[in-house]
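This report describes the strand arrangement and selected side-chain pairs of one protein chain. The sequence and structure are displayed below for reference.

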Amino acid sequence: MSHSTDAPDNAPRPISTGRPPELLPLGNGAHLRRRRLADAAELNAAVIANLDHLRPWMFWAAQAPTMAESEQMSVRGEAAWDEGLDFLYLLGLDDEPAKVIGGFGLHGRVGPGAVEIGYWVHQAYTGRGLATAAAGALTEAGFALPGIDRVEIHCDETNAASAAVPRKLGYTLDRIESAAVTAPAETGRKMFWITKR
């Protein structure tokens with residue numbers, strides 16, 4: 001029986017009744033912080049500075065975002081966090097608190113009881129272990145959420161840098177499946193890395 005207070009079957013559902021920490025210290029002078037509207041200008045600048053770095057793998061990097069688009073994205077991200085639908089973070093430096101050097105998220109797009117970690121790191125800061133440290137912190141934060149017993153990382157099978165992160169963290173390559181090609185460097189073969197509580 002359906003009640004008028006129930007969400008429609010196709011409505012987004014909260015990932016969990018809990019919320020992850022808004023600040024996750026990573027050590028080595030870096031942290032993850034909840035993405036806020038106040039970060040829109042720095043995020044916009046970071047994405048524009050990294051378009052050539054991001055475009056091969058990120059469909060949303062096909063063109064430079066306007067400032068208004070970055071602000072709208074930040075507003076939507078804040079609302080999604082408050083509703084428990086998506087938890088978006090920015091990678092930052094402790095000694096430059098406003099600077100954005102990457103974007104990370106705990107996403108609820110993989111079904112009940114699970115979250116998917118997505119990420120990108122500014123090209124000037126790759127190769128320093130930041131993505132691995134941040135994904136490790138988000139793995140712990142994901143498992144700390146009530147009802148979450150699986151964390152996943154997905155990437156194209158030729159994206160060696162992205163695949164190195166779950167491998168270093170001890171995730172298991174669960175499967176490789178055909179997937180729609182959404183960015184120029186993708187092959188249409190997606191790796192599904194999984195770790196369970």
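## Salt bridges and the strand sheet

R33 and D39 form a salt bridge in which the closest N and O atoms are 3.3 Å apart; a salt bridge here is a side-chain nitrogen of Lys or Arg within 4 Å of a carboxyl oxygen of Asp or Glu. The model is predicted: local features need pLDDT of at least 70, side-chain atom pairs count only at pLDDT 80 or more, and totals for chains, interfaces and linings use all residues. Residues are numbered from 1 along each chain as its sequence is written, and side-chain values use heavy atoms, with hydrogens and water left out.

R33 counts as buried at 11% relative accessibility, and D39 is likewise buried, with a relative accessible area of 10%. In this report, buried means under 20% relative accessible area, exposed means over 50%, and partly exposed lies in between (1.4 Å probe, protein chains only).

Across the whole structure, the search finds 11 salt bridges. Three of them are listed here, with the distance between N and O atoms and the accessibility of each partner.

| Salt bridge | N to O distance | Relative accessibility of partners |
|---|---|---|
| R33 and D39 | 3.3 Å | R33 11%, D39 10% |
| E22 and R34 | 3.2 Å | E22 38%, R34 5% |
| R55 and D52 | 3.2 Å | R55 27%, D52 63% |

By these values, R55 is partly exposed and D52 is exposed. Salt bridges that share partners join E22, R34, R36, E78 and D82 into one network.

Within that network, the side chains of E22 and R34 form a salt bridge. This pair links distant parts of the chain: E22 lies in the segment before β1 (23–27) and R34 in strand β2 (residues 30–34), 12 residues apart. E22 is partly exposed, whereas R34 is buried. Helices (H or I, at least four residues) and strands (E, at least two) are DSSP runs, numbered from the N terminus.

The strands form an open sheet of eight, in the order β1-β2-β3-β4-β5-β6-β8-β7, with mixed pairing. The edge strands are β1 and β7, each of which pairs on one side only. Neighbouring strands of this sheet are turned by 25 degrees against each other on average, direction ignored. Axes are lines fitted to C-alpha atoms, for helices over the stretch in contact, and angles run from 0 to 180 degrees between N-to-C directions. Two strands count as paired if DSSP finds at least two bridges between them.

At one edge, β1 and β2 pair in the antiparallel sense over four bridges, and L23 has R33 as its bridge partner in β2. R33 thus appears both in this strand pairing and in the salt bridge with D39.

Further along the sheet, six antiparallel bridges join strand β3 (residues 86–93) to β4, with L88 standing opposite G105 of β4. Another six antiparallel bridges join β4 to β5, where G105 has G118 as its bridge partner. β4 and β5 form a hairpin with six residues between them, and G111 in the turn has a positive phi of about 100 degrees.

Strand β4 (residues 102–107) is mostly covered, six of its six residues being buried. Both of its faces are covered: G102, F104 and L106 are buried on one side, and G103, G105 and H107 on the other. Helix α4 (residues 130–143) lies across β1, β2, β3, β4, β5, β6 and β8, running at about 25 degrees to β4.

E116 belongs to strand β5 (residues 114–121) and is buried, at 7% relative accessibility. Its side chain makes a polar contact with the side chain of R109 at 2.8 Å; a polar contact is a pair of N or O atoms within 3.5 Å, where within protein one must be able to donate a hydrogen and the other to accept it, and residues adjacent in sequence count only if both atoms are side-chain atoms. Not counting residues up to four places away in sequence, E116 touches G105, L106, H107, R109, V110, E152 and H154, contact meaning heavy atoms within 4.5 Å.

Beyond β5, seven antiparallel bridges join strand β6 (residues 150–156) to strand β8 (residues 189–196), and V151 has T195 as its bridge partner in β8. Six antiparallel bridges join strand β7 (residues 172–178) to β8, with S178 opposite R189.
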